[in-house]
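Hi,

Here is the structure I promised to pass on. Have a look at it first, and then read my notes below.

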Amino acid sequence: MSDKIKLAQGAGGALMDELIKEKILKYFGKDQKNEVPLSMLDDAAVVDDIVFSTDSHTVQPLIFPGGDLGSISVCGTVNDVSVLGAKPLALSAGFIIEEGLSVETFEHIVKSMSKYAKIAGVPIVTGDTKVVEKGAIQEFMINTSGIGKRTQLLEDNISVVKEYRSFKNRWLLDSNLVKGDKIILSGNISEHGIALLSFREGYGFETAIKSDVAPINSLMERSLGIGGVVSAKDPTRGGLANTVNELSEKSKIGLIIEEEEIPIPVGVRSACDMLGIDALEIGNEGKVVLGVVEEKAEEVLKILRKHPLGKNAAIIGEATSSVKGVVLDTTIGGKRILHKPLGDPVPRIC
Ligand code: MG
């Protein structure tokens with residue numbers, strides 16, 4: 001019998017990585033001459049100075065504490081364009097609707113897309129709608145693509161980086177970290193995944209924990225305004241653990257992460273303890289992990305903390321040649337390797 005695709009292969013961890021590298025890149029990834037090609041597997045590609053990203057969103061239930069399919073499909077793509085350092089300009093929306101979906105639910109989600117597009121300041125300018133037979137998909141799926149452009153803000157940010165060290169790239173790539181760069185996390189982790197899982201399974205934690213879904217483009221703008229930002233990544237599927245591992249792998253530099261500095265809300269901690277899952281592996285929808293030159297890290301942190309989405313921002317670690325991969329300096333005083341998760345422990349959350 002031939003192999004079948006498994007759920008975990010779409011969960012943003014090592015198994016998905018393998019699927020992409022072995023079955024997709026081999027066909028699409030060759031010989032691309034654009035500045036940031038598919039093979040870099042960054043949050044977005046760059047073609048002729050246009051930043052371009054896409055994401056399909058499938059979440060159960062469609063409406064959950066703090067958000068819905070509409071809000072994550074707008075924010076997810078706005079965020080992937082923003083973390084390259086670009087200004088997101090416009091989105092597309094492709095709807096695939098299962099026959100039988102209530103019109104009320106559909107409209108709720110479309111309205112929510114409109115609301116978040118306004119908050120982000122990024123209009124939805126083109127789209128497509130398909131309805132498929134019952135059972136062909138589960139309820140409703142949305143694909144959004146987004147484009148963004150280079151700005152003076154990014155140029156100025158890079159000029160600041162160059163005051164402190166050499167910097168060859170023109171975008172905030174995962175591969176840009178060097179020894180000494182500080183790692184900043186913009187706020188509490190795991191709220192999105194835990195809120196959704198808890199609501200879906202009826203655990204009751206969602207009364208205290210809501211999804212963090214939000215567009216982070218204004219947060220990115222503030223950080224770029226200070227300058228010294230070298231990379232940025234949104235810790236979505238696979239959570240913080242996956243994000244820091246990708247940064248380390250692509251930059252070919254070790255990272256030490258201080259567990260104590262990672263902002264994890266009490267409710268998330270107890271939910272994770274009870275469910276036996278690792279908060280570091282759970283997806284977020286309104287956070288960013290920044291790599292910043294050491295000399296500007298405190299200033300960037302300060303400006304982030306003044307933003308409503310960055311109140312709990314923290315410097316959680318640094319790039320170093322003294323370790324290989326990602327090492328977690330634990331709260332109990334030990335050190336352990338922080339592995340890339342195999343897949344997100346909570347499926348269907350984005
Ligand atoms: Mg991303």
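What share of the 350 residues of the protein count as buried? The figure is 55%. Before you go further, keep in mind that this is a predicted model.

Let's start with the overall picture. The protein has nine helices and 14 strands. Its radius of gyration is 19 Å, close to the 20 Å that the globule rule gives for 350 residues, so the protein is as compact as a globular protein of that length. If you follow the C-alpha trace along its principal axes, you get a span of about 60 × 50 × 50 Å. On the outside, the protein exposes about 15700 Å², and 55% of that comes from carbon and sulfur atoms. The contacts also tell you something about the fold: among those with a separation of 6 or more, 81% are between residues 24 or more positions apart.

Now for the metal. Which residues are the protein donors of the magnesium ion? They are Asp43, Asp80 and Asp234, each through OD, and they lie 2.1 Å from the ion. Along the chain, these donors follow the spacing D-x36-D-x153-D. Asp80 sits in helix 2 (residues 69-82), while Asp234 is in the loop between strand 9 (229-233) and helix 7 (239-251), so to speak a link between distant parts of the chain, 154 residues apart. Are these two buried or exposed? Asp80 has a relative accessible area of 10%, and because buried means under 20%, Asp80 is buried. Asp234 counts as buried too, at 6% relative accessibility.

Next, find the sheet. Seven strands form an open sheet with mixed pairing, and their order is 9-11-8-12-10-13-14. Strand 9 and strand 14 (335-337) are the edge strands, each pairing on one side only. From one strand to the next, the twist averages 25°. Inside the sheet, strand 10 (residues 254-258) pairs with strand 12 (residues 314-320) in the antiparallel sense, over four bridges. To see one pairing up close, pick Ile257, whose bridge partner in strand 12 is Gly317.

While you are there, look at Glu258, which is also found in strand 10. Glu258 counts as partly exposed, at 30% relative accessibility. Leaving aside residues up to four places away in sequence, Glu258 touches Ile316 and Asp329. Asp48 is another story: Glu258 and Asp48 are 210 residues apart in sequence and 39 Å apart in space, going from C-alpha to C-alpha.

One last stop is helix 5 (residues 191-201). Why can we call this helix largely enclosed by the rest of the structure? Eight of its eleven residues are buried, so the rest of the structure largely encloses helix 5. The buried ones run from Glu191, His192, Gly193 and Ile194 on to Ala195, Leu196, Leu197 and Ser198. What do these buried residues pack against? Their neighbours are strand 3 (63-64), helix 2 and helix 8 (266-275). You have already met helix 2, the home of the magnesium donor Asp80. Right after helix 5 comes Gly202, with a positive phi near 75°.

Happy exploring!

Definitions and conventions. Residues numbered from 1 in each chain as written. Predicted model: local features only at pLDDT ≥ 70, side-chain atom pairs only at ≥ 80, totals over all residues. Heavy atoms only, no water. Donors = N, O, S within 2.8 Å, 3.2 Å for Na, K, Ca; no water. Helix = DSSP H or I, 4+ residues; strand = E, 2+ residues; numbered from the N terminus. Buried < 20%, exposed > 50% of the residue type's maximum accessible area, 1.4 Å probe, protein only. Pairing = 2+ DSSP bridges. Axes fitted to C-alpha atoms, helices over the stretch in contact; angles between N-to-C directions. Rg over C-alpha atoms; globule rule 2.2 N^0.38 Å. Contact = heavy atoms within 4.5 Å. Areas by Shrake-Rupley, 256 points an atom, 1.4 Å probe, with all protein chains shown as cover.
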